[in-house]
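Me: I've got a model open and some labels I'd like to have justified. Can you take them in turn?

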Amino acid sequence: MAKDYDLELLSELSGVAPLKIKSLLGLLMAPDDNPQLLLVLTNLRCALKAVERFPSVREDLEGRDINEGEGSLFGYLDVISRLADALSVVETPKCPDAWLESSGNPRGIINAHPEWAMLIFPHDAKCHEALSFWQHAGVVIACSFLQRARHRERIGSEITAACRDIRSIANGKYSHELLNEINENDTLDTYHLNYLIKDDEIVKQLSGVELLVRKVLRHKGKTREGGGSGGSKGKVVEIKLVEADDGDEENEGPEQSVQLLESIDDEHTQSRQRAVGLHPKEDQALRAVSFSESKSSPTLGFDPYDLVRRQELQVKHISSTNQRLPYRYSSLSRIELAVAAREAVHLFSGHGRFEERDDIGVYAGLLLMLMIWLGRPVDQILEMRVYPDIDALPESKKNVIAFLAKEQAFVLPIPSPESRNSLQEDAKRLLYEAGESVHAHVDDAVIVASPVRIHKFLSRIVMERKKRTKYRIIFPEDLRQSIEVEMRSAVSRVNRSHRMRLTPLRISQALFDEVVRCSSDWVDAYLLTGHQFTITEVAAHYYSVPAGYLVNLYHEAVLSLRNDIYQHLNVDERNYYNFNQLINNDGDHGSKLNIKPMLLVRLVRHLKHDLRSSSRLPLDEETWREVHNSLVAYIAFWLLFATGFRAVNDLVFRWREIDFDTGFLVISDKDDESMSQARVVWLLPELREQIRYYASHLAVLQSRVFYRESLHDQIEEVLSEPHSNVPLMFFISESWQMVKLSPENLRRQVPIFTLPINSSRHYLRSALRSEGIRAEVVNAFMGHAQQGQEPFGASSTLTPVEMFRELAPTLSKMRQEAGWTAQLGLADG
């Protein structure tokens with residue numbers, strides 16, 4: 001908005017009251033410094049006058065249903081004319097420079113002030129002489145005013161989208177011939193049908209204008225009807241429908257539905273959709289989105305585009321959760337892999353005529369072999385190097401995939417999760433000195449002996465050596481594209497000859513599938529092959545695994561593949577390669593929070609000592625407060641390390657969420673209000689006993705602090721479950737106020753624990769997997785279930801009882817080793 005001294009100067013020049021000028025600039029969404037004010041007012045006058053001669057359209061845009069006193073934008077025509085005339089004749093020195101500067105860059109105001117930015121375009125633009133342009137610009141500016149007046153801030157992106165369309169035409173991006181002259185008898189409704197719709201389809205270049213006009217016509221800007229992106233309408237497919245209960249008095253429509261929204265628009269439209277928040281990742285094309293709605297939702301029945309924007313917490317972008325489903329494609333059979341291996345040898349050797357072999361075919365055959373035995377993505381294998389021995393390897397092995405000639409072994413880089421915990425020095429001392437953890441390697445590699453004679457093939461090709469390096473390049477850089485094309489052509493020939501469905505992706509992921517068959521864990525396969533999916537990256541962040549385990553797992557999977565493939569190729573068992581693992585791989589890979597059991601043992605001892613020390617203090621109210629806080633910290637850490645509770649906010653759950661008979665507890669630790677991501681965990685009998693003791697502790701505390709009414713009443717509400725909304729656990733401040741149990745407050749209560757509070761999840765996943773618990777069960781327990789394998793879902797074979805029957809012995813063993821036992825708190829006195 002213009003500053004007061006600007007308004008006074010404008011009023012003096014034009015003879016218009018300052019409040020009237022301020023009101024007009026507010027309607028136009030004017031920026032603070034009013035760039036190119038004269039140009040905007042001149043163009044605005046042309047646009048409104050062009051619409052004035054169409055009485056039916058103007059009548060629809062008068063805004064008779066808006067609040068009294070708002071008036072019509074057409075009622076400001078006189079003010080606009082007087083301001084424009086005054087500025088056009090006044091001497092430049094009398095005006096603020098920002099008004100008339102011709103070099104102002106309007107880009108910064110496009111999103112914040114779309115109506116203003118729409119009216120800033122060059123004087124020599126072709127649209128200046130086109131009457132139709134001014135007519136359509138007038139309709140857009142009037143519709144924008146009406147939409148804002150009706151719905152205040154509760155509008156979507158329709159105004160921005162419409163103004164951008166007009167601005168694109170004014171700047172020459174689109175031809176002004178898209179805009180046909182309005183007929184004198186047209187209404188706003190016929191304008192929408194005749195000029196913005198063609199062959200029952202929205203004119204793409206005017207999709208934003210169509211959206212705005214449609215919202216104004218239907219008076220639905222606030223209720224989110226219509227497409228929100230301004231782009232062409234996507235295809236909506238309803239894939240699930242849950243009917244309402246027959247006994248429901250308000251049984252109109254479904255109780256809940258899940259829908260997909262497909263966008264197949266061009267890049268321009270997709271860019272616009274991203275700009276208004278439909279997709280958060282700039283480097284991906286919007287493909288689909290899923291959401292849910294119910295009768296209780298304030299947005300029931302609204303257009304999917306707008307529902308996406310309004311229910312941001314409930315929206316899941318399917319292209320962001322592009323997880324590899326078990327049924328997305330079937331794994332290759334051993335026969336198919338054997339045919340691929342035979343084709344690789346034929347390519348390399350020239351089908352038995354080695355002297356006549358094709359150079360590109362040689363490399364294509366070698367590439368196909370390495371895809372089978374390394375299971376790596378093609379782009380990684382094409383960059384593979386050959387080092388003379390292990391001593392020639394660089395100190396940093398990040399993304400280095402190589403073959404060691406002397407040791408006849410592969411160097412496999414182990415991928416690291418994108419998000420890494422940064423540990424402070426005190427946290428490192430706690431982890432490594434007190435916890436006896438080993439350092440987890442980040443962006444490092446494991447060296448595995450080759451179970452097949454790859455060195456025989458490498459010795460028969462000429463490899464280029466780069467200057468000032470110790471390695472040679474297997475695949476020449478200038479030929480890599482041709483090599484990949486030849487490899488893909490060979491796979492296609494095999495498919496035509498043998499009626500198979502081989503693809504390079506399926507071949508390179510054969511080892512991934514074999515590792516999963518051996519270990520049941522996608523994360524192990526991700527670490528060894530580099531093929532990443534959403535669930536692997538998330539779970540790998542909480543996973544630490546010894547290097548020796550990865551080496552043994554790689555050999556187990558490759559030997560299984562090799563032996564079966566060789567049988568189909570009639571290779572005599574006497575010719576199998578007897579490899580030797582000469583390199584000893586030390587250390588762990590994965591999460592930096594590589595917590596070992598000793599750290600947990602010492603943490604439990606410290607928490608118990610803190611609780612006992614508080615109990616020995618003189619019996620007064622400060623002692624009661626210390627005992628309570630120490631007991632809450634003890635129970636909180638026990639819950640974290642026993643359930644994998646995400647410490648993202650509070651350890652908040654209530655009596656009614658615990659089934660003390662079965663031990664099941666419903667937690668919603670990373671979720672929205674609909675609890676769509678809530679999960680079931682199981683509490684050990686000893687932990688349930690601890691929670692009962694805690695209730696007795698609260699009863700004793702309440703009886704001793706009866707004179708502190710606020711705290712007394714809050715404890716009463718906690719103990720009055722199942723109807724209370726007060727969290728079960730809380731701290732007490734020095735002023736005797738209830739303090740929520742948050743990660744920050746828990747850390748403040750136990751300052752010696754300098755690791756992230758969420759480190760319990762890092763400990764649990766690694767510990768459960770090392771104890772031999774199946775990865776499917778561990779992932780479900782941790783809340784890492786991948787799409788298509790949601791626990792307890794319609795397609796799942798996993799039930800809560802079976803899941804925790806398998807977990808119970810291991811969780812009980814881990815509790816005993818850590819030293820967790822039920823503590824009484826104040827209840828023992």
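**Labels and their cut-offs**

Reply: Sure, starting with the surface: the chain exposes about 38900 Å², and carbon and sulfur atoms supply 47% of that. Accessible areas come from the Shrake-Rupley method with a 1.4 Å probe, and for residues only the protein chains shown count as cover. This is a predicted model, where local features need pLDDT of at least 70, side-chain atom pairs count only at pLDDT 80 or more, and totals for chains, interfaces and linings use all residues. Residues are numbered from 1 along each chain as its sequence is written, and side-chain values use heavy atoms, leaving out hydrogens and water.

Me: Why is Leu600 called buried?

Reply: Buried means under 20% relative accessible area (exposed is over 50%, partly exposed in between, with a 1.4 Å probe and protein chains only). Leu600 has 4%, so Leu600 is buried. Across the chain, buried residues make up 53% of the 829 residues.

Me: What is Leu600 in contact with, leaving aside its neighbours within four places in sequence?

Reply: Contact means heavy atoms within 4.5 Å. On that basis, Leu600 touches Phe641, Tyr763, Ala818 and Trp820.

Me: What makes α15 and α19 roughly perpendicular?

Reply: Their axes cross at roughly 70 degrees and come within 8 Å. Angles of 65 to 115 degrees count as roughly perpendicular, under 35 as roughly parallel, over 145 as roughly antiparallel and the rest as oblique. So α15 and α19 earn the label roughly perpendicular.

Key
Axes are lines fitted to C-alpha atoms, for helices over the stretch in contact, and angles run from 0 to 180 degrees between N-to-C directions. Helices (H or I, at least four residues) and strands (E, at least two) are DSSP runs, numbered from the N terminus.
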